[in-house]
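Good morning, and thank you for coming. I should like to take you through one structure, beginning with a single residue and then widening the view.

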Amino acid sequence: MDDLLREFVTETNESLDVVDVELVRFEQDPNNAKILDNIFRLVHTIKGTCGFRGLPRLEALAHAAETVMGKFRDGLPATNDAVTVILATIDRIKEILESLERDQREPDGADADLIADLERIAERTLAAAQKQAVEPARVLRPGEVSLDELERAFRDTPVDPPALKGAKAEKTGKAKPVEEAVKEDDVAKSGSQSIRVTVDTLEQLMTMVSELVLTRNQLLEIVRRHDDSEFKTPLQRLSNVTAELQEGVMKTRMQPIGNAWQKFPRIVRDLCNELGKKIELELQGAETELDRQVLDLIKDPLTHMLRNSADHGLETPAERRTAGKPEQGHIRLSAYHEGGHIVIRIADDGRGLDTARIKAKAVAQGLVSEADIEKMPEAQIHKFIFAAGFSTATTVTNVSGRGVGMDVVRTNIDQIGGAIDVKSIAGVGLSFTIKIPLTLAIVAALIVESSGERFAIPQLSVVELVRARKGGDHRIERIKDTTVLRLRDKLLPLARLSRLLGTDADADREVESGFIVVTQVGSQTFGIVVDSVFHTEEIVVKPMSTKLRHITMFSGNTILGDGAVIMIIDPNGVAQAIGSTVTSQMIVEAAQDRVEETGEEATSLLVFRAGSTQPKAVPLSLITRLEEIDARKIELSNGRHMVQYRGQLMPLISMNANVNVKGEGAQPLLVFSDGARSMALVVDEIIDIVEDRLAIQVTSEVPGVLGSAVIKGQATEIVDVGHFLPMAFEDWFRRKDNPTGARQYAVLLIDDSPFFRNMLTPVLQAAGYAVTAVGSAREALALLEDGRAFDVAVTDIEMPEMDGFEFAEAVRADERYPELPVIALSSQISAESIERGRQAGFHDYVAKFDRQGLIAALMEQTDVGRAA
Amino acid sequence: MTSENTDRNVNEYVTAVVGGQLFGLPIRRVQDVFIPERLTKVPLAPPEIAGVLNLRGRIVTLIDLGLRLGLVREDNGGPAMAIGVEMHGESYGLLIDSVGEVLKLDSAALERNPINLDPRLASVSTGIFRLDGQLLMVIDVDRILDISIHAAAA
């Protein structure tokens with residue numbers, strides 16, 4: 001294709017994109033002469049250029065459209081119908097341009113249909129205006145023809161092309177000089193400021209700069225080895241210049257996100273017509289820039305989401321009226337920079353996600369069991385829309401709902417290292433937030449070593465680095481075959497890079513120390529264990545060879561400063577390898593949330609064996625740490641097993657007589673700590689950590705065992721930790737927390753779950769309190785009625801019949817116990833429930849599994865009582 | 001495809017030895033011959049991919065021709081050599097024992113593969129030339145690089 005033609009096509013396409021947007025604006029604001037002038041000028045320019053290039057089809061179309069717009073300019077109303085026809089004309093022009101670009105000539109075909117439509121509109125609008133101006137609502141006299149009929153006559157009359165040409169010639173003859181002058185003026189103004197460069201040129205420039213960066217890195221590496229090199233100063237300068245050049249070239253690749261949004265007003269307008277909805281589209285931050293490559297990759301997902309919002313999200317005007325919302329729906333697209341990312345949000349004020357339908361579909365597709373989904377919070381359920389093949393629209397419309405739904409969007413966004421999140425409030429609206437890196441070509445990466453090989457981990461997904469050492473603050477702990485890191489009270493799943501890559505010479509090697517690269521992918525956080533960490537480097541991402549692209553662990557490779565090629569780790573691939581596909585990850589998250597939010601229903605349990613083959617379990621949250629100590633370090637003192645642990649003697653308690661403290665090898669221990677004191681339960685083997693409902697079905701007479709429950713399909717003894725704590729701590733507690741002579745505080749414990757009553761009673765007794773436990777608020781009130789005196793009440797919130805709030809209100813309402821502090825125990829710690837609790841008269845609010853928190857709260861409340 | 005048949009039907013071949021067998025590669029497909037250095041092994045890669053290396057700023061994927069063809073490469077005292085080839089804009093190196101001279105051979109003398117040829121060799125060979133004292137097997141570079149199919153079959 002010759003340069004002139006190419007330039008024409010590019011220029012015309014750009015102009016048409018602008019016309020698209022402007023026309024939609026004009027339709028909404030028909031009195032804005034400025035917009036119209038702008039459209040008119042653009043169309044006119046297109047027409048003029050087409051004539052000059054000898055492109056008759058384009059010219060005829062542009063001319064007909066221009067005529068209609070000329071009428072608009074003469075003050076005639078821009079009806080929806082008229083704008084639709086003009087938009088259709090523009091689409092046709094685009095089609096012709098496309099094949100022009102491909103075949104270098106106009107395609108065959110006729111546009112009489114569109115031109116006829118345009119003519120019709122031009123005439124009709126004229127006629128309508130005349131009707132209004134000259135013949136206002138007059139009854140037809142006999143023999144007269146109605147305007148409608150006249151119009152039909154116009155419509156049916158074949159268009160006469162020669163006449164058209166004549167009209168055109170006349171028109172251009174007059175209008176051209178003015179328009180030309182305007183155009184030249186524009187060129188003079190902008191010509192010095194911007195030039196058109198092909199993308200290829202920029203891409204090539206980028207490649208060259210990448211090479212330069214590599215060479216500079218190599219030089220720096222060499223100079224690093226020779227301390228007093230005279231190259232140092234010039235190299236420093238070269239380095240700075242390279243950095244600036246890199247930045248400059250990157251800047252040329254940056255484009256405003258508005259470029260991807262350009263077609264959106266038109267899309268929304270067309271959807272409005274198609275769906276019979278009224279939608280207002282608001283675009284914010286269109287000037288926010290990001291890399292062209294990234295822009296291309298998110299264009300389609302964004303379009304898809306916009307269509308979804310218009311089609312499924314927003315209701316019809318009638319539905320909106322019924323729901324008490326304004327008829328016109330609202331979609332807002334916004335973009336802004338945040339760190340090295342761009343955040344794009346698309347929000348509508350529609351009906352939100354249909355949680356019930358997502359639930360049904362998730363269960364139907366076997367993504368999750370019915371029992372599990374019932375316990376999931378809404379936000380978790382909503383995330384299922386990202387699962388593969390998930391589309392909730394029951395009817396397939398031609399707008400969206402083709403089965404390639406949000407999963408495709410998510411995949412696209414994952415591929416560029418982005419993350420997507422959804423928030424939906426039923427009846428109020430739905431919003432998606434996308435966070436993507438600004439550029440992909442040159443990224444900062446952490447260079448690490450594993451099994452003697454170096455790898456790069458993109459800095460964007462690295463949260464922090466943790467050094468794990470045997471006996472240090474952060475230690476790698478093992479749960480059967482899984483390794484985890486306890487980091488700020490969270491268990492972080494770990495994966496050894498060498499094992500993931502199959503380069504571990506000794507697969508069974510004990511993992512005790514190493515560097516942990518804490519990595520985040522979406523909402524999933526995990527640790528990658530490596531042997532050492534070198535430094536961060538700006539690396540130029542080069543695609544993997546097609547022969548190696550199937551390896552999901554790598555996203556590409558790069559040449560380091562010393563000339564070596566290394567692989568770039570793909571955190572998405574690692575996340576998958578760690579064993580969490582989108583759905584299973586969600587279930588895990590849901591399970592965690594469940595524990596936090598509805599503790600009674602599912603609990604993290606540590607399953608182990610001690611003294612018998614039957615598994616035993618204890619709530620994980622009660623355990624401070626899992627240890628494996630060298631059995632030779634166990635000492636016998638005063639008839640008790642002890643071990644030196646973190647500078648103190650820690651008593652070891654055997655779970656039962658059948659558990660023998662080992663004489664040699666590793667002894668697994670469950671460590672329980674309270675303040676500075678620790679005790680350990682000696683067990684035979686730690687089996688697993690599971691999430692399950694804790695429902696004790698058979699209570700036990702055996703001391704130390706609360707009863708049996710079915711956990712993961714197996715009958716499991718639930719261990720009463722409270723029974724063992726005093727065996728180690730008894731005397732200590734008495735001495736420290738309850739000095740002789742001091743009164744023992746009386747605690748009233750209310751919980752409908754016997755498990756919690758059984759678990760907490762000994763814990764509180766061990767802490768020096770006299771505990772009276774009851775199973776309902778009524779019983780508790782009855783006790784108070786009887787005149788029993790308590791120093792503090794601890795109550796569960798969710799209870800049948802009378803809940804914790806009502807109990808607190810009842811206590812507050814009774815003048816007899818104005819001083820009685822009430823502490824709420826709850827699995828639901830939300831700002832809302834705390835506020836409600838305050839109103840009901842709770843003195844404190846403690847999470848259900850927070851044993852230490854409860855004791856601290858008790859001490860505080862009883863101290864207050866003492867002071868008062 | 002026909003441009004190499006300049007005069008008569010003579011084609012030029014770069015010859016290489018792998019595991020004692022002489023191979024010929026059409027010269028128009030050969031970019032360069034180099035000694036592979038600073039090879040980076042790629043974990044989880046198919047076994048015949050020896051690794052990747054940096055050749056003048058390009059990342060080259062090195063394919064062990066011995067493993068690819070089911071031959072045992074021989075240590076002949078000298079450094080291993082690699083023949084640089086390209087496919088779809090990507091650079092590859094074929095790891096061989098030693099490189100020989102460039103031969104001009106008349107395509108009329110190209111004989112079909114014997115039917116009892118090892119299928120792994122047969123799948124990449126376009127024919128055999130009978131030279132003095134030895135056979136030269138002409139290999140098709142595209143088929144050599146078609147590793148995915150081979151890996152799937154293996």
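Consider the contacts of A:Arg57 in this predicted model. Setting aside neighbours within four places in sequence, A:Arg57 is in contact with A:Ile96, A:Glu106 and A:Asp111. Take the last of these partners: A:Asp111 is 54 residues from A:Arg57 in sequence, yet their C-alpha atoms are 7.3 Å apart in space. A:Arg57 itself belongs to helix 3 of chain A, which covers residues 56-73.

Is A:Arg57 buried, exposed or partly exposed? There are 18 other C-beta atoms within 10 Å, and a residue needs 20 or more to be buried and 12 or fewer to be exposed, so A:Arg57 is partly exposed.

Let us turn to helix 1 of chain A, residues 3-28. With 26 residues at 1.5 Å a residue, helix 1 should span 38 Å, and its end C-alpha atoms are indeed 38 Å apart, so the two values agree. Several residues of helix 1 are buried, including A:Phe8, A:Thr12 and A:Phe26.

Now the whole of chain A. The chain has 26 helices and 35 strands, and buried residues account for 35% of its 868 residues. Of the contacts in chain A between residues at least 6 apart in sequence, 65% join residues at least 24 apart.

Finally, the partner chain. Here 20 residues of chain A are in contact with 16 residues of chain B. Helix 8, strand 17 and strand 18 of chain A each give two or more residues to this side, and strand 18 gives the most, with 3 residues. By class, this side of chain A has 10 nonpolar, 6 polar and 4 charged residues.

Note on methods:
Residues numbered from 1 in each chain as written. Chains lettered and ligands numbered in written order. Predicted model: local features only at pLDDT ≥ 70, side-chain atom pairs only at ≥ 80, totals over all residues. Helix = DSSP H or I, 4+ residues; strand = E, 2+ residues; numbered from the N terminus. Expected span 1.5 Å × (residues − 1). Contact = placed C-beta atoms within 7 Å. Nonpolar A, V, L, I, M, F, W, Y, C, P; charged D, E, K, R; others polar.
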